[in-house]
Amino acid sequence: MQAKPDSVIKGDCLEALNTVADESIDLIYLDPPFFSQREHILAKRDGSEEFRFSDNWESLNSYIQFLNVRIELCKKKLKPTGSLFLHCDRSAGHYIKVMLDEVLGRENFQSEIIWTYRRWSNSKKGLLSNHQTIFFYSKSADFKFNQIFDAYSPSTNVDQIMQLRVRDFRNKTVYQKDNNGDSVLAAEKKGVPLGDVWDIPFLNPKAKERVSYPTQKPILLLDRIISLVTHPGDIVLDPFCGSGTTLVAAKIMNRSYIGIDRSGDAVKLSLKRLQNPVKSSSKLLEKGRDSYRKNNSEIESAVKEVGGVTVQRNKGIDGLLKTEVGMVPFKVVLSGDDILNHAQLISKSSSKNKFKKRALFARYKVKTGEVKKIENEFNLIVFTTLSELSEKLRI
Ligand SMILES: C[S@@+](CC[C@H](N)C(=O)[O-])C[C@H]1O[C@@H](n2cnc3c(N)ncnc32)[C@H](O)[C@@H]1O
């Protein structure tokens, strides 16, 4: 019998994979036991249920052999444009990498992704291990890949992002100037292409998506992998699906899925999660770790609301907006703020004629007289909505 899309199969993936059509899968994510040489057991918080799987092996060789035959099969199941991601840790990661090179081809090795997270632990001799590794291979050079962009880091210099840089006669990088000596703005940048170190929080004990399966992975991690190499409607396969994290992520993202696990409890749990897919949100991931100590979140959400890019290292500029007249730096004024002081700050910050227009985004109704005074005195635009800003830019 052939495995159907959107199904969860109970059994050893070695046999179950044979029921999957050759060259039919877009992404295979494997999160097998890691060679920890122990039994993984976790009870639900209310003690009603307990899930377990074994990670005991006769030898490292037998473990690598176990994976090897299953990866060979996975390779057959991938479309020529497909990709494989294997999740492991320091226990056997380096041996796995060598085996993967042999089976999938070194030329198809794309990335070693480091999934890093914060954790607390009693001190023991040695370094605290706070990452796991995900090896990313494509089936061929013609693999699907969707570039993802990350926000600029808070330490990024806003001048460097916004201004065109060229090399001078000494081959030194300098900011390009126009005939009037003003800086020239660079083409729009989408952010920094996603790197191979992913800071994604571990599921906390109270996370909504947590189902108390040992070594359960966060949906956010799978979200990212799925977004990188698949499109809606594609098929995602997880031969060691455990609690079904990959399947739930795929379902939420409108991809088809096939899950396999040899534990009946894991299959039941996956099916249950799929009936009501729940994903926890991560404040930390949405806003970035630095947002916890930097900007006021009200300012950040105001910048986001108008579609601006947050500027972190600049006292006078909270955000940058792409508009019909080019980039417009703006400062957010909250009710209770000293608006004159804000006007001075932004005027100082962008005084070098870098920008044609600068603005104050007021989050409350500013008196008309005050608006006029500030606009004339500081040559600023005061606005409370995006359409008001566009209108004033056109004048
Ligand atoms: C690390 S867990 C997967 C956790 C999963 N990613 C999650 O987020 O819940 C590994 C899973 O592999 C399963 N497993 C171990 N050997 C297997 C095999 N030969 N075939 C299928 N599943 C297997 C175990 O039952 C366990 O559920």
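The following paragraphs lead through the structure from its overall layout to its two sheets and the surroundings of its ligand.

The model is a predicted one. The protein has 395 residues, of which 33% count as buried. Along the principal axes, its C-alpha atoms fill a box of roughly 80 × 55 × 50 Å. Its secondary structure comprises twelve helices and 19 strands. Of the contacts between residues at least 6 apart in sequence, 64% join residues at least 24 apart.

The chain is divided into three parts: domain 1 takes in residues 7-147 + 194-285, domain 2 residues 149-191, and domain 3 residues 293-394. Between the C-alpha centres of domain 1 and domain 3 the distance is 45 Å.

One sheet to consider is an open, eight-stranded one with the order β1-β14-β13-β2-β5-β7-β6-β12, and its pairing is mixed. At its edges stand β1 (7-10) and β12 (197-199), each of which pairs on one side only. From one strand to the next the twist averages 20°. Within this sheet, strand β5 (residues 78-88) and strand β7 (residues 131-138) run antiparallel and are joined by six bridges. One residue pair fixes the register: C88 has T133 in β7 as its bridge partner. Helix α2 (residues 60-77) packs on the sheet and touches β2 (25-30), β5 and β13 (235-238), its direction making about 150° with that of β5. Another helix, α6 (residues 245-252), lies across β1, β2, β13 and β14 (256-261) and runs at about 170° to β14.

A further open sheet is built from five strands in the order β15-β16-β17-β18-β19, again with mixed pairing. Because β15 and β19 (381-383) stand at the edges with a single partner strand each, one side of each is left without a neighbour in the sheet. Helix α9 (residues 297-305) packs on this sheet, where it touches β15, β16, β17 and β18; the direction of α9 makes about 145° with that of β17.

The pairings of this sheet can be followed strand by strand. Strand β15 (residues 309-310) runs antiparallel to strand β16 (residues 319-323), and two bridges join them. Here V309 stands opposite L320 of β16. On the next step, β16 pairs with strand β17 (residues 326-333) in the antiparallel sense over five bridges, and a hairpin of two residues joins β16 to β17. L320 has P329 as its bridge partner in β17. L320 therefore links the two pairings, facing V309 in one and P329 in the other, as strands of a sheet pair through backbone hydrogen bonds. The sense then changes: β17 and strand β18 (residues 359-362) pair parallel, over four bridges. In that pairing, F330 has A359 of β18 as its bridge partner.

The last topic is the ligand. Which residues come nearest to the ligand? Of the 20 residues around it, these are F53, F240, G242, S243 and T245. By class, the shell contains nine nonpolar, six polar and five charged residues. One of the nearest residues, T245, falls within the span given for helix α6 (residues 245-252), the helix that lies across β1, β2, β13 and β14 of the eight-stranded sheet.

Conventions
Residues numbered from 1 in each chain as written. Predicted model: local features only at pLDDT ≥ 70, side-chain atom pairs only at ≥ 80, totals over all residues. Domains from an automatic or database assignment. Pairing = 2+ DSSP bridges. Buried ≥ 20, exposed ≤ 12 C-beta atoms within 10 Å, placed from the backbone. Contact = placed C-beta atoms within 7 Å. Near = placed C-beta within 6 Å. Nonpolar A, V, L, I, M, F, W, Y, C, P; charged D, E, K, R; others polar. Axes fitted to C-alpha atoms, helices over the stretch in contact; angles between N-to-C directions.
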